[in-house]
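Let's look at how two protein chains meet. Keep the model open beside you as you read.

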Amino acid sequence: MKSVRVALVGNPNVGKTSLLNHLAGTNLKVGNWPGVTVEKREGRVKFQDYQIELVDLPGIYTLEPLSEEEWIAYNYITQEKPDVVVNVVETPNLQRDFLLTVELLELEIPTLLVLNMSDEAQKLGVEVNDRWLSELLGVRVLRTNGRTGKGVKAILPNVVELYTLKEKPKPLRYSKELEEVLEKLRESAQESKSELLRKLLQERQNLHYREFLKNTFGKEAHEVVKDQRYATAHGLYREVVKERPLTSKDITDSLDRVLLHPALGIALFFLVMFMLFKVSFDFSAPFMDWVEGFINGFVAPLVSMGLVSLGAGPWVERLFSEALVGGVGFVLTFLPLVGVMYFLLSVLEFSGYLPRVAFLMDRFMHRLGLHGKSLVPLLLGFGCNVPAIVATRTLETRRDKLIVISMIPFMSCPARLVVFSFFATLFFQNPAVVIFSLYMLGVFVALLTALLLRHTAFRGELYHFVMELPPYRLPTLRLLLRVSWAYVRDFLYRAGTLIFGASVFIWLLLNLPPGVKDPSESVAAQVGKAVAPLFKPLGLDDWRVATSLIPAFLAREIVLSSMGTIYSPQVEKEEKEFDLLGAMKEQAVSLGVAAKDAVLNTFKPVPTAFEVEEGEESLRQVVAKSLSPPAALAFMVFLLLYTSCLGTVAVMWREVGRSFALLFLAYSFVVGWLAGFVAYGVGKALGL
Amino acid sequence: MNLEEVRPGQEVLILNVYGKEEVLEKVKAMGLREGRRVSLLQKVGRNLLLKVNNSRIVISRELARGIEVQ
């Protein structure tokens, strides 16, 4: 089967992703462009005898690249040379979009021009003579509506025909003088206009041609070329577009009057964020419980039953059922939360609200040396660090991305809250004050980290704020579901191996040497005892504390259950008969209950997810006896700041790279230790 | 006058775009070029919200200062 590489190219916000979603269906994939945290969306479809590989390039206004995104699009088009370019344009904005079209036509690659959002154009009184457009350029022109998918069906047949017929657009004609110069530079008939222009503008030996153009036009040669492009685009626009002035009110203007209002807009933004958190926690909580129950109550016993019947020894059986199913499974319990947050984030993105937040909040954020776009990823961090880090893909510069990614892990997430509420209620008179102070400390350390980075690794001016606010659009449920599923799948697929590896490693630490019965005899305990002196200045010289941090690397809240097993190893596991059919029925019923609870929770006015469950009484007593209040405070501070979360480390590793992830992990450990040390001292001085 | 001095709600014609910043090429490609009409919708903090043709563009005040309008 022949494969055809197709690039979707267009300005930002022209609906390329929606088109890709219609074309690729469930084969939509999201990921990263190699080496950079810029999102790559792609899809693969079979059509007739062809395998069509669609790549959605980052949105660009011109082929003169500045930002990371623009470089990616530029390099892809000029170096990897797609077989067919699908140039998606926003019909209401052809005056602007035609510049890129002209630049793409210079490449003389088979091109399909897609007039997207033709419905919006109609409402705005914009009429396009697409036949005349097609004739002028020698390209096929299609009309689509990216939202409903109307007209999208015609794209693939046309792509295949363009590919098989090698149908090139008509060469563009610039002014006589420029064309003459370009012809002199031509060495073969195959050279495209874009290659000739590159020779003219960049090659040293062609200086005299540039001088000639400068003398003729009174401008630098590259300015001459630019002017000609603009003139061509403008001429094209005047030829094919008619705009009837309409008096009807634009919905976007009306909405913006409220949502971008300097005071009201900010209040509404916080309301939107509150709703985002409330819905993501309350809707996902019952599913998270269900996943946990499903893994521990169904998958784990099933796997161990299967292994026993295959004749596996008890050690192998436990490795699979505990390390694989238990460890990996624990990280998976966060998937419903991550998935729902991705979904809601996609709603904000595709509706056009997200760029408005950046505009609205930039006046506060830029005082911190950050772009307005940084706020949403930072706030998402309070929900879950994993989608928050992925959300930094919307930031434009690498500098901003790295700074924000370094701040996010200090935003306290619900996993930390579980630990805080256990310790704070156990040791302190005013647990709410303690927990609130911890959240504030996290924000403070995040700001401090940003300040540190801005004065060391990322010096330099804050770049200019230039962005477009797209019109508000109602995204379809299908698009949102597919995109959020693509995110979840990407997380599983790429972070999966790392999560699996770390789970097995941690399990081995806890269960080696073979035959270990009591955690105090395990390798983990040896490690815990070895590093215990390190925690002595924090008042945590008990080896059991250090040891409990090892399994807690999977996720912070595990620290409670691991303390449970380490402090009181006598707790026996319940042995139950496992009945496959009964268990399946039970799981199905509880999934139904979870779905019902999720819907009910979402409509309750008060967030239910913050209702804290009481820890086990026995554990509370043992822990209360073994720690002093200042030491407990130090422990909470340490766990707040140290990135004891496999999911976060895995996603950082994937987004920015291994060395960054490991360096940050070490940094967070040191910061956590130092802050814990100070907290212990302050706590003692206050006589807690 | 320059674009920063324009009052919200006012529509003006761009006469010239000055400045050496690379980002100006992007700004021009977004439609802020000489000969285009632009209306100022809002000023928030260090940024301006503009409407050019059918699109809404945000640029910072520093850039707006280099855009001559009438």
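## Salt bridges and polar contacts

Between chain A and chain B there are 6 salt bridges, each a side-chain nitrogen of Lys or Arg within 4 Å of a carboxyl oxygen of Asp or Glu. One of them joins the side chains of Asp253(A) and Arg56(B), at 3.0 Å from N to O. This is a predicted model, where local features need pLDDT of at least 70, side-chain atom pairs count only at pLDDT 80 or more, and totals for chains, interfaces and linings use all residues. Residues are numbered from 1 along each chain as its sequence is written, chains are lettered from A in the order in which they are written, and side-chain values use heavy atoms, leaving out hydrogens and water.

## The contact and its area

Chain A brings 36 residues to the contact and chain B brings 30 (contact: heavy atoms within 4.5 Å). About 3,100 Å² is buried between the two chains, and carbon and sulfur atoms give 54% of that. Buried area is the accessible area (1.4 Å probe) that two parts lose on being put together, summed over both. In chain A, Phe359(A), His464(A) and Val466(A) lose the most area to chain B, together 22% of what that side buries.

## Strands across the chains

Which strand of chain B does β10(A) join? The partner is β4(B), residues 55-60; the two run antiparallel, with 4 bridges between them. Here, strands are DSSP runs (E, at least two residues), numbered from the N terminus, and two strands pair if DSSP finds at least two bridges between them. Look for Met467(A), whose bridge partner in β4(B) is Val58(B).
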